[in-house]
Amino acid sequence: MRKYTVALIKGDGIGPEIIDEAVKVLDAVSVKEGFEIAYKEALLGGAAIDVTGEPIPPETIEIAKSCDAVLFGAIGGPKWDNLPRDKRPETGLLKLRKALEVFANLRPVQVYDELLNASTLKPEVLKGTDLLVVRELIGGIYFGQPRGYEGDRAYNTMVYTKDEVRRIAKVAFEIARKRNRKVTSVDKANVLEVSQLWRDTVEEVAKEYEDVRLEHIYIDNAAMQLIRDPRQFDVILTGNIFGDILSDEASMLSGSIGLLPSASIGEKYGLYEPIHGSAPDIAEQGIANPIATIASAAMMLRFQFSEERAADRIEQAIKQVLKEGYRTKDLSSFDAKEVVTTSEMGSLIAQYASQI
Ligand code: IPM
Ligand code: MN
């Protein structure tokens with residue numbers, strides 16, 4: 001029997017409820033496909049602060065590193081908003097990404113035909129959109145030194161080295177080869193030196209991938225093009241902060257931020273999480289959409305464990321429930337046949353995934 005260990009980090013807000021649904025679905029498909037997953041829970045964010053005083057206790061990093069993959073919900077909330085930056089929940093997540101060296105954050109954006117009316121954009125603009133944001137995750141302005149807040153002056157540093165750009169660019173080109181062979185690199189090279197280095201380095205890497213088309217665009221233009229004509233994109237390659245912003249924008253193409261999964265990968269470890277946050281305002285009401293987390297679990301099966309069939313089952317099941325008109329509250333006004341709770345959505349996906 002194939003056996004895997006997964007570190008489960010539920011986190012805060014809606015984190016615990018959406019992770020529970022992902023586990024439900026993973027358990028259903030593992031039975032069908034004949035493998036076993038053992039879970040180890042670990043604390044992060046506000047949940048960790050409440051127990052240990054730290055947003056990421058050392059034990060969490062140990063557990064994460066000792067498992068075959070990490071499945072993570074969400075962190076943060078008003079309760080911890082006024083803590084100093086190094087004690088905030090977000091700092092815990094950034095430290096976890098850094099400790100696991102997961103430099104490549106893959107955020108696929110698919111528009112489900114069933115939800116074409118759910119977006120604020122016109123269906124004819126969206127139909128067939130299928131793009132992937134490849135975001136550099138452990139460098140750039142999030143981590144650059146020096147940084148500080150001193151009296152009336154505060155600063156951060158946006159820095160990239162050629163090595164950092166090279167390794168993320170390679171990931172983007174490799175994936176583009178398996179998709180539609182187009183990479184759009186997003187920067188601000190008309191203003192920033194760090195973006196000029198980004199662009200020069202991406203050009204160098206592109207020489208090894210002559211079968212992939214490369215285009216460079218500025219971040220402001222990218223933000224506009226993404227809603228003007230999203231189908232022009234295949235793989236969007238970008239740095240940490242631009243990728244953070246563009247991926248939230250891109251989520252609206254699909255109709256709800258509650259749908260988009262992500263995989264963060266490096267040489268060794270893999271961290272799987274929805275792109276949305278902890279949504280404290282809707283926590284514990286049974287209305288959160290668990291699909292982004294369930295789809296992240298499918299990415300984990302595919303990328304980390306090569307359990308392609310189990311991943312396919314989950315992805316098909318998600319399409320099926322949407323097709324049949326089951327909707328959580330975020331999508332309840334769009335062709336809903338039945339509005340279901342977080343847990344009912346998880347059970348439906350688990351059930352369909354087992355039947356396929
Ligand atoms: C995300 C989040 C995080 C980020 C926050 C919570 C630190 O917005 O995963 O996109 O900015 O990376
Ligand atoms: Mn974000």
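**Cavity, pockets and salt bridges in a two-domain model**

Good morning. I begin inside the protein, at the largest cavity, where strand 8 and helix 7 each supply at least two residues of the lining. Please bear in mind throughout that this is a predicted model.

How many cavities of 30 Å³ or more does the structure hold? There is one, and the space within the largest cavity comes to about 60 Å³. Its lining consists of Met158, Tyr160, Val186, Asp187, Val194, Ser195, Trp198, Gly239 and Phe242. Which element gives the most to this lining? Helix 7 does, with three residues. By class, six of the lining residues are nonpolar, two are polar and one is charged.

Let me now step back to the chain as a whole. It is divided into domain 1, which covers 1-111 + 255-356, and domain 2, which covers 130-252. Taken over C-alpha atoms, the centres of domain 1 and domain 2 are separated by 25 Å. To the contact between them, domain 1 brings 20 residues and domain 2 brings 22 residues.

That division helps in reading the pockets. The largest pocket has a volume of about 650 Å³. Of the 23 residues that line it, those nearest its centre are Pro108, Arg179, Met299, Arg302 and Glu315. Which elements each supply at least two residues of the lining? They are strand 4 (104-110), strand 5 (130-136), helix 6 (162-178), helix 10 (291-303) and helix 11 (308-323). Helix 11 gives the most, namely five residues. In the lining of the largest pocket one finds 13 nonpolar, two polar and eight charged residues. Domain 1 and domain 2 each provide at least three residues of this lining.

The second largest pocket encloses about 540 Å³ of space. Its lining has 17 residues, and Arg85, Thr91, Leu94, Tyr142 and Arg147 lie nearest the centre. Two or more of the lining residues come from each of helix 4 (89-100), strand 6 (148-150) and strand 7 (153-155). Helix 4 has the largest share, with four residues. Seven residues of this lining are nonpolar, four are polar and six are charged. Where does the second largest pocket lie with respect to the two domains? It lies between them, because domain 1 and domain 2 both give residues to its lining.

I turn next to charge pairing. Side chains of opposite charge can pair when their charged atoms come close. Across the whole structure, a search finds 26 salt bridges. I shall take three of these pairs in turn.

The first pair to consider is Glu54 with Lys87, whose side chains meet in a salt bridge at 3.0 Å, N to O. Glu54 sits in the loop between helix 2 (46-52) and helix 3 (58-66), while Lys87 sits in the loop between strand 3 (69-74) and helix 4, so the pair ties together parts that are 33 residues apart in sequence. Are these two side chains buried, partly exposed or exposed? Glu54 counts as partly exposed, at 34% relative accessibility, and Lys87 is partly exposed too, with a relative accessible area of 27%.

Next come Lys127 and Asp113, whose side chains meet in a salt bridge at 3.3 Å, N to O. This pair links distant parts of the chain, with Lys127 in the loop between helix 5 (123-126) and strand 5, and Asp113 in the loop between strand 4 and helix 5, 14 residues apart. Lys127 is partly exposed, at 43% relative accessibility, and Asp113 is likewise partly exposed, with a relative accessible area of 43%.

The last pair is Asp220 with Lys188, a salt bridge in which the closest N and O atoms are 3.2 Å apart. Here again distant parts of the chain are linked: Asp220 belongs to helix 8 (residues 219-228), Lys188 to the loop between strand 8 (182-187) and helix 7 (193-206), and the two are 32 residues apart. Asp220 counts as partly exposed, at 46% relative accessibility. Why does Lys188 count as buried? Its relative accessibility is 18%, and buried means under 20%.

Beyond single pairs, Lys162, Asp163, Arg166 and Glu204 are joined into one network by salt bridges that share partners.

To close, I return to the pockets: the second largest pocket lies between domain 1 and domain 2, and the lining of the largest pocket takes at least three residues from each of them. Thank you.

How values were computed. Residues are numbered from 1 along each chain as its sequence is written. Chains are lettered from A and ligands numbered from 1 in the order in which they are written. This is a predicted model: local features need pLDDT of at least 70, side-chain atom pairs count only at pLDDT 80 or more; totals for chains, interfaces and linings use all residues. Side-chain values use heavy atoms; hydrogens and water are left out. On a 1 Å grid over the protein atoms alone, a cavity is a set of points where a 1.4 Å probe fits but cannot get out, and a pocket is an open set with protein on both sides within 12 Å along at least five of seven lines; lining residues have an atom within 4 Å of a point. Grid points are joined across faces, edges and corners, and a volume is the space filled by probe spheres set on the points. Ala, Val, Leu, Ile, Met, Phe, Trp, Tyr, Cys and Pro count as nonpolar, Asp, Glu, Lys and Arg as charged, and the others, Gly among them, as polar. Domain bounds come from an automatic or database domain assignment. A salt bridge is a side-chain nitrogen of Lys or Arg within 4 Å of a carboxyl oxygen of Asp or Glu. Buried means under 20% relative accessible area, exposed over 50%, partly exposed in between (1.4 Å probe, protein chains only). Contact means heavy atoms within 4.5 Å.
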